[in-house]
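Let's take a quick tour of a protein model. Keep the 3D view open while you read, and look up each residue as it comes along.

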Amino acid sequence: MILLKTAEEIELLRESNLLVGMTLGELAKHIRSGISTLELDKIAEEFIRDHGAEPGFLGYDGFPNTLCISINEEVVHGIPSKKRFLEEGDVVSIDCGTVKNGFYGDSAYTFEVGEVKPEVRRLLQTTREALYKGIEKAVVGLRVGDIGYAVQSYCEGNGYSVVRELVGHGVGRDMHEEPQVPNYGKRGQGSKLLEGMVIAIEPMINLGKRHVYQDVDGWTIRTRDRMPSAHFEHTVAVGKNKADILSSFEFVEKELKIDD
Ligand code: MG
Ligand code: MG
């Protein structure tokens with residue numbers, strides 16, 4: 001069942017998601033070679049709690065940390081570790097969740113650590129652009145398949161592949177609500193997009209082939225061919241003419257000095 005949100009609930013979701021954006025912005029200050037992924041996790045946990053919220057992922061389905069940190073060929077769900085350090089040339093997806101006033105925030109950004117190979121940089125840029133192509137379709141009257149088609153056709157058209165095993169989702173009092181929002185699909189198919197729907201759109205795009213596997217840790221998803229993967233995610237409210245983006249990259253990109 002798809003749970004539609006009232007205007008008041010959407011404002012609470014905005015608050016939770018804005019805090020995710022601020023947390024990612026805080027993390028952007030600390031992304032450098034030599035920092036451990038557990039250090040980043042602790043910075044995020046403290047920041048979220050200092051802002052009157054709880055980490056959304058900690059304990060969710062038994063996940064042990066505040067952040068999912070996935071480096072290079074890791075697609076998503078990487079577990080922070082005091083033994084894992086960022087290195088020059090890495091790309092690192094940081095996925096962050098919060099819960100405040102009973103509502104979840106969920107957003108992810110893939111960062112570059114120092115100088116990254118041009119082809120990997122392009123993968124990140126294309127994945128970020130694909131997210132916004134998907135968001136353009138999050139309007140009342142279109143369907144979930146229109147979002148997936150927009151993401152897939154853009155990424156495949158640029159020579160990349162789309163991960164199929166993991167998908168976007170509804171967001172609300174639960175982090176993962178219906179409907180599922182795949183990053184592939186057919187125009188005009190799937191659930192109709194309605195006013196009051198809040199969804200996370202989150203392309204996971206690979207430089208090489210689309211196939212992935214799960215690590216024996218039970219969480220980390222990796223590309224089978226060990227080529228890099230990128231992941232960008234926003235939580236958005238479906239709008240009449242235009243989606244309302246509830247999360248934010250503004251804080252990150254101000255830190256990184258990226259103008260859009
Ligand atoms: Mg996420
Ligand atoms: Mg998500």
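Two residues are in contact here when heavy atoms of theirs lie within 4.5 Å. Keep in mind that this is a predicted model. We'll start with the metal site and then head for the nonpolar cores.

**The metal site**

- Four residues hold the magnesium ion (ligand 2): D106 (OD), H169 (NE2), E202 (OE) and E233 (OE), at 2.1 to 2.2 Å.
- Along the chain, those donors show the spacing D-x62-H-x32-E-x30-E.
- D106 does double duty, bridging the magnesium ion (ligand 2) and the magnesium ion (ligand 1), and the two ions sit 3.1 Å apart.
- D106 and E202 bring together distant parts of the chain, 96 residues apart: D106 belongs to strand β5 (residues 103-112), while E202 is in the loop between β9 (198-201) and β10 (204-206).
- Buried or exposed, what are D106 and E202? Both D106 and E202 are buried.

**The largest nonpolar core**

- This core counts 51 residues, and L40, V92, I94, I199 and I201 have the most contacts inside it.
- Helices and strands both chip in: among those supplying at least two residues each are α1 (7-28), α2 (37-50), β4 (91-100), β5 and β9.
- Which element gives the largest share? That's α3, with 6 residues.
- Now zoom in on I94: leaving out residues up to four places away in sequence, I94 touches L24, L27, I31, L40, L67, C68, I69, S107, A108, Y109 and F111.

**Another core**

- Apart from the largest core lies another one, of 15 residues, including L13, V99, M175 and L246.

Terms used. Residues are numbered from 1 along each chain as its sequence is written. Chains are lettered from A and ligands numbered from 1 in the order in which they are written. This is a predicted model: local features need pLDDT of at least 70, side-chain atom pairs count only at pLDDT 80 or more; totals for chains, interfaces and linings use all residues. Side-chain values use heavy atoms; hydrogens and water are left out. Donors are N, O and S atoms within 2.8 Å of the metal (3.2 Å for Na, K and Ca); water is not among the atoms, so sites may look incomplete. Helices (H or I, at least four residues) and strands (E, at least two) are DSSP runs, numbered from the N terminus. Buried means under 20% relative accessible area, exposed over 50%, partly exposed in between (1.4 Å probe, protein chains only). A nonpolar core is a set of buried Ala, Val, Leu, Ile, Met, Phe, Trp, Tyr and Cys residues joined through side-chain atoms within 4.5 Å.
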